Amino acid sequence: MQLNRLDHVGIAVNDLRTARGFYEGVLGLEATHEEVIADQGVHEVLYRLGDAWVQLVAPLEPDTPVGKFLAKRGEGMHHVGYSVANVATALDDLRSVGVEVIDEVPRIGSGGTTIAFVHPKGAHGVLIELVEEGSGHREPGVRRARRST
Ligand code: V0V
Ligand code: CO
(Lines give C-alpha, C1' and ligand atoms only; values in the text may rest on other atoms or scores of the structure.)
(Ligands and ions follow the chains in the order given, each with its own letter.)
Protein backbone atom coordinates (compact mmCIF):
# COMPACT_ATOMS: atom_id res chain seq x y z
CA MET A 1 0.00 0.00 0.00
CA GLN A 2 1.42 3.36 -0.97
CA LEU A 3 -0.20 6.79 -0.96
CA ASN A 4 1.30 9.22 -3.48
CA ARG A 5 0.07 12.53 -2.16
CA LEU A 6 -2.88 14.28 -0.63
CA ASP A 7 -5.40 14.69 -3.45
CA HIS A 8 -8.23 16.59 -1.84
CA VAL A 9 -10.05 17.49 1.32
CA GLY A 10 -13.82 17.15 1.12
CA ILE A 11 -15.91 19.64 3.08
CA ALA A 12 -19.61 19.07 3.61
CA VAL A 13 -21.68 22.23 3.25
CA ASN A 14 -25.40 22.92 3.53
CA ASP A 15 -25.55 25.45 0.74
CA LEU A 16 -23.02 25.66 -2.05
CA ARG A 17 -23.72 29.28 -2.87
CA THR A 18 -23.16 30.48 0.68
CA ALA A 19 -20.06 28.34 1.09
CA ARG A 20 -18.65 29.64 -2.20
CA GLY A 21 -19.13 33.14 -0.88
CA PHE A 22 -16.72 32.32 1.91
CA TYR A 23 -14.18 30.22 0.00
CA GLU A 24 -14.06 32.60 -2.95
CA GLY A 25 -15.03 35.95 -1.48
CA VAL A 26 -13.14 35.69 1.80
CA LEU A 27 -10.42 33.07 1.29
CA GLY A 28 -9.86 34.19 -2.29
CA LEU A 29 -9.89 30.76 -3.94
CA GLU A 30 -10.93 30.37 -7.55
CA ALA A 31 -13.26 27.55 -8.53
CA THR A 32 -11.62 25.27 -11.07
CA HIS A 33 -14.39 22.72 -11.53
CA GLU A 34 -18.07 22.35 -10.75
CA GLU A 35 -20.08 19.20 -11.18
CA VAL A 36 -23.24 17.41 -10.15
CA ILE A 37 -22.27 13.82 -9.35
CA ALA A 38 -25.66 12.15 -9.20
CA ASP A 39 -24.16 8.76 -8.37
CA GLN A 40 -22.75 10.16 -5.11
CA GLY A 41 -25.64 12.53 -4.45
CA VAL A 42 -23.48 15.63 -4.43
CA HIS A 43 -23.03 18.98 -6.13
CA GLU A 44 -19.35 19.84 -5.86
CA VAL A 45 -16.97 22.70 -6.44
CA LEU A 46 -13.21 22.17 -6.61
CA TYR A 47 -10.47 24.67 -5.82
CA ARG A 48 -6.94 23.84 -6.82
CA LEU A 49 -4.25 24.54 -4.23
CA GLY A 50 -0.82 23.46 -5.38
CA ASP A 51 -0.84 19.70 -5.82
CA ALA A 52 -4.20 19.21 -4.19
CA TRP A 53 -7.78 20.36 -4.24
CA VAL A 54 -10.35 21.58 -1.77
CA GLN A 55 -13.71 19.99 -2.59
CA LEU A 56 -16.95 21.51 -1.35
CA VAL A 57 -19.77 18.99 -1.40
CA ALA A 58 -23.43 19.88 -0.94
CA PRO A 59 -26.08 17.13 -0.86
CA LEU A 60 -28.57 16.69 -3.69
CA GLU A 61 -31.01 15.00 -1.29
CA PRO A 62 -31.20 14.46 2.49
CA ASP A 63 -30.90 10.68 2.05
CA THR A 64 -27.36 10.75 0.62
CA PRO A 65 -23.99 10.27 2.34
CA VAL A 66 -23.41 14.02 2.65
CA GLY A 67 -27.05 14.75 3.52
CA LYS A 68 -26.96 12.24 6.36
CA PHE A 69 -23.59 13.52 7.53
CA LEU A 70 -24.91 17.10 7.71
CA ALA A 71 -28.01 16.03 9.62
CA LYS A 72 -25.93 14.11 12.13
CA ARG A 73 -22.83 16.27 12.51
CA GLY A 74 -23.42 19.56 10.71
CA GLU A 75 -21.01 21.20 8.29
CA GLY A 76 -17.36 20.29 8.39
CA MET A 77 -14.59 18.03 7.18
CA HIS A 78 -16.20 15.11 5.44
CA HIS A 79 -13.38 13.08 3.84
CA VAL A 80 -9.74 13.05 2.83
CA GLY A 81 -8.77 11.95 -0.67
CA TYR A 82 -5.38 10.33 -1.25
CA SER A 83 -3.83 9.67 -4.60
CA VAL A 84 -2.78 6.09 -5.36
CA ALA A 85 -1.33 4.50 -8.49
CA ASN A 86 -4.13 1.97 -8.77
CA VAL A 87 -7.37 2.00 -6.81
CA ALA A 88 -8.26 -1.66 -7.41
CA THR A 89 -4.85 -2.77 -6.11
CA ALA A 90 -5.12 -0.45 -3.11
CA LEU A 91 -8.55 -1.94 -2.26
CA ASP A 92 -7.03 -5.44 -2.42
CA ASP A 93 -4.19 -4.36 -0.15
CA LEU A 94 -6.62 -2.93 2.40
CA ARG A 95 -8.96 -5.92 2.31
CA SER A 96 -6.04 -8.29 2.73
CA VAL A 97 -5.32 -6.75 6.11
CA GLY A 98 -8.97 -6.67 7.13
CA VAL A 99 -9.77 -3.00 6.59
CA GLU A 100 -13.42 -2.38 5.78
CA VAL A 101 -13.87 -0.78 2.39
CA ILE A 102 -17.13 0.83 1.26
CA ASP A 103 -16.66 0.24 -2.45
CA GLU A 104 -15.76 -3.32 -3.40
CA VAL A 105 -14.79 -2.12 -6.85
CA PRO A 106 -13.64 1.31 -8.02
CA ARG A 107 -16.26 3.79 -9.17
CA ILE A 108 -16.28 7.03 -11.13
CA GLY A 109 -15.94 10.30 -9.21
CA SER A 110 -15.37 13.96 -9.89
CA GLY A 111 -14.20 14.76 -13.41
CA GLY A 112 -14.27 11.10 -14.37
CA THR A 113 -11.67 10.07 -11.80
CA THR A 114 -11.44 6.48 -10.62
CA ILE A 115 -12.19 6.44 -6.89
CA ALA A 116 -13.18 4.21 -3.96
CA PHE A 117 -14.11 4.90 -0.35
CA VAL A 118 -12.73 3.27 2.80
CA HIS A 119 -14.99 3.12 5.86
CA PRO A 120 -14.22 5.67 8.61
CA LYS A 121 -14.68 2.96 11.26
CA GLY A 122 -11.44 1.27 10.27
CA ALA A 123 -9.61 4.51 9.61
CA HIS A 124 -9.67 6.25 12.97
CA GLY A 125 -12.88 8.10 12.28
CA VAL A 126 -11.93 9.60 8.92
CA LEU A 127 -13.69 8.69 5.69
CA ILE A 128 -10.92 8.01 3.16
CA GLU A 129 -11.27 8.34 -0.59
CA LEU A 130 -8.70 6.74 -2.86
CA VAL A 131 -8.19 8.58 -6.15
CA GLU A 132 -6.33 6.98 -9.01
CA GLU A 133 -3.42 9.13 -10.16
CA GLY A 134 -3.82 10.35 -13.71
CA SER A 135 -7.47 9.32 -13.98
CA GLY A 136 -10.15 11.81 -15.02
CA HIS A 137 -9.81 15.44 -15.95
CA ARG A 138 -7.81 17.01 -13.24
CA GLU A 139 -5.05 18.69 -15.17
CA PRO A 140 -5.03 22.48 -15.12
CA GLY A 141 -7.04 23.94 -17.95
CA VAL A 142 -9.47 21.04 -18.33
CA ARG A 143 -12.29 22.12 -16.12
CA ARG A 144 -15.61 21.34 -17.68
CA ALA A 145 -18.60 20.57 -15.54
CA ARG A 146 -19.58 16.99 -16.26
CA ARG A 147 -22.36 14.77 -15.14
CA SER A 148 -21.35 11.21 -14.39
CA THR A 149 -23.82 8.42 -14.96
C1 V0V B 1 -20.49 8.74 8.61
N2 V0V B 1 -19.63 8.56 9.63
C3 V0V B 1 -18.53 9.23 9.39
C4 V0V B 1 -18.73 9.88 8.15
N5 V0V B 1 -19.96 9.54 7.68
N6 V0V B 1 -17.39 9.37 10.09
C7 V0V B 1 -16.44 10.16 9.57
N8 V0V B 1 -16.56 10.81 8.38
C9 V0V B 1 -17.68 10.70 7.66
N10 V0V B 1 -17.80 11.33 6.50
C11 V0V B 1 -19.88 7.73 10.81
C12 V0V B 1 -21.16 8.11 11.51
O13 V0V B 1 -20.95 9.18 12.40
C14 V0V B 1 -21.50 6.83 12.22
O15 V0V B 1 -20.72 6.67 13.36
C16 V0V B 1 -21.09 5.77 11.24
O17 V0V B 1 -20.08 6.37 10.42
C18 V0V B 1 -22.23 5.30 10.36
O19 V0V B 1 -22.82 6.46 9.84
P20 V0V B 1 -24.29 6.58 9.27
O21 V0V B 1 -24.77 7.95 9.45
O22 V0V B 1 -25.12 5.44 9.75
O23 V0V B 1 -24.05 6.50 7.76
P24 V0V B 1 -23.97 5.31 6.81
O25 V0V B 1 -23.40 4.09 7.47
O26 V0V B 1 -25.29 5.21 6.13
O27 V0V B 1 -22.90 5.86 5.78
C28 V0V B 1 -21.62 6.21 6.15
C29 V0V B 1 -20.72 5.96 4.94
C30 V0V B 1 -21.33 6.69 3.73
C31 V0V B 1 -19.34 6.47 5.28
C32 V0V B 1 -20.68 4.43 4.69
O33 V0V B 1 -21.36 8.07 4.00
C34 V0V B 1 -20.61 6.45 2.44
O35 V0V B 1 -20.84 5.44 1.76
N36 V0V B 1 -19.73 7.37 2.02
C37 V0V B 1 -18.98 7.21 0.79
C38 V0V B 1 -19.56 8.02 -0.32
C39 V0V B 1 -19.53 9.50 -0.06
O40 V0V B 1 -19.31 9.94 1.07
N41 V0V B 1 -19.78 10.33 -1.11
C42 V0V B 1 -19.82 11.76 -1.01
C43 V0V B 1 -18.55 12.37 -1.48
P44 V0V B 1 -21.34 6.23 14.73
O45 V0V B 1 -22.42 7.24 15.02
O46 V0V B 1 -21.87 4.86 14.47
O47 V0V B 1 -20.20 6.28 15.69
S48 V0V B 1 -18.43 12.17 -3.22
C49 V0V B 1 -16.81 12.60 -3.67
O50 V0V B 1 -16.02 13.03 -2.76
C51 V0V B 1 -16.42 12.43 -4.97
C52 V0V B 1 -17.36 11.91 -5.99
C53 V0V B 1 -15.04 12.75 -5.44
O54 V0V B 1 -14.24 13.28 -4.69
O55 V0V B 1 -14.74 12.46 -6.63
CO1 CO C 1 -14.05 13.58 -2.70
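A residue counts as near a molecule when one of its heavy atoms lies within 4 Å of that molecule. With that in hand, let's walk through this predicted model, starting at the ligand. Around ligand 1 there are 23 residues, and those that come nearest are Gln40, Lys68, His79, Ser110 and Glu129.

Some individual contacts help to place the ligand. Through a backbone N or O atom, serine 110 lies 2.8 Å from an oxygen atom of ligand 1. Histidine 78 also uses a backbone N or O atom, this time 2.9 Å from a nitrogen atom of the ligand. Glutamine 55 brings in its side chain instead: an N or O atom there is 2.9 Å from an oxygen atom of ligand 1. How much of the ligand does the protein bury? Taken alone, ligand 1 exposes 1100 Å², and the protein buries 76% of that.

Now step back to the site itself. Ligand 1 sits in the largest pocket. Two or more residues of the shell around the ligand come from each of α2 (65–73), β5 (76–84), β7 (114–118) and β8 (127–132). Of these, α2 gives the largest share of the shell, with 6 residues. Sorted by class, the shell has 9 nonpolar, 9 polar and 5 charged residues.

The pocket can be read in much the same way. It holds about 830 Å³ of space. Its lining is made of 30 residues, and Pro65, Phe69, His78, Pro120 and Leu127 are the closest to the pocket's centre. Which elements each supply at least two residues of this lining? They are β4 (52–59), α2, β5, β7 and β8. Here too, the largest share comes from α2, which contributes 6 residues to the lining. As for classes, the lining of the largest pocket has 13 nonpolar, 10 polar and 7 charged residues.

If you are following along in the structure, α2 is a good place to look, as the helix with the largest share of the shell around ligand 1 and of the lining of the largest pocket.

How values were computed:
Residues numbered from 1 in each chain as written. Chains lettered and ligands numbered in written order. Predicted model: local features only at pLDDT ≥ 70, side-chain atom pairs only at ≥ 80, totals over all residues. Heavy atoms only, no water. Polar contact = N/O pair within 3.5 Å; in protein donor to acceptor, adjacent residues only side chain to side chain. Areas by Shrake-Rupley, 256 points an atom, 1.4 Å probe, with all protein chains shown as cover. 1 Å grid on protein atoms, 1.4 Å probe; cavity = no way out; pocket = protein on both sides within 12 Å on 5 of 7 lines; lining within 4 Å. Sits in = over half its atoms within 2 Å of the grid points. Helix = DSSP H or I, 4+ residues; strand = E, 2+ residues; numbered from the N terminus. Nonpolar A, V, L, I, M, F, W, Y, C, P; charged D, E, K, R; others polar. Points joined across faces, edges and corners; volume = space filled by probe spheres on them.
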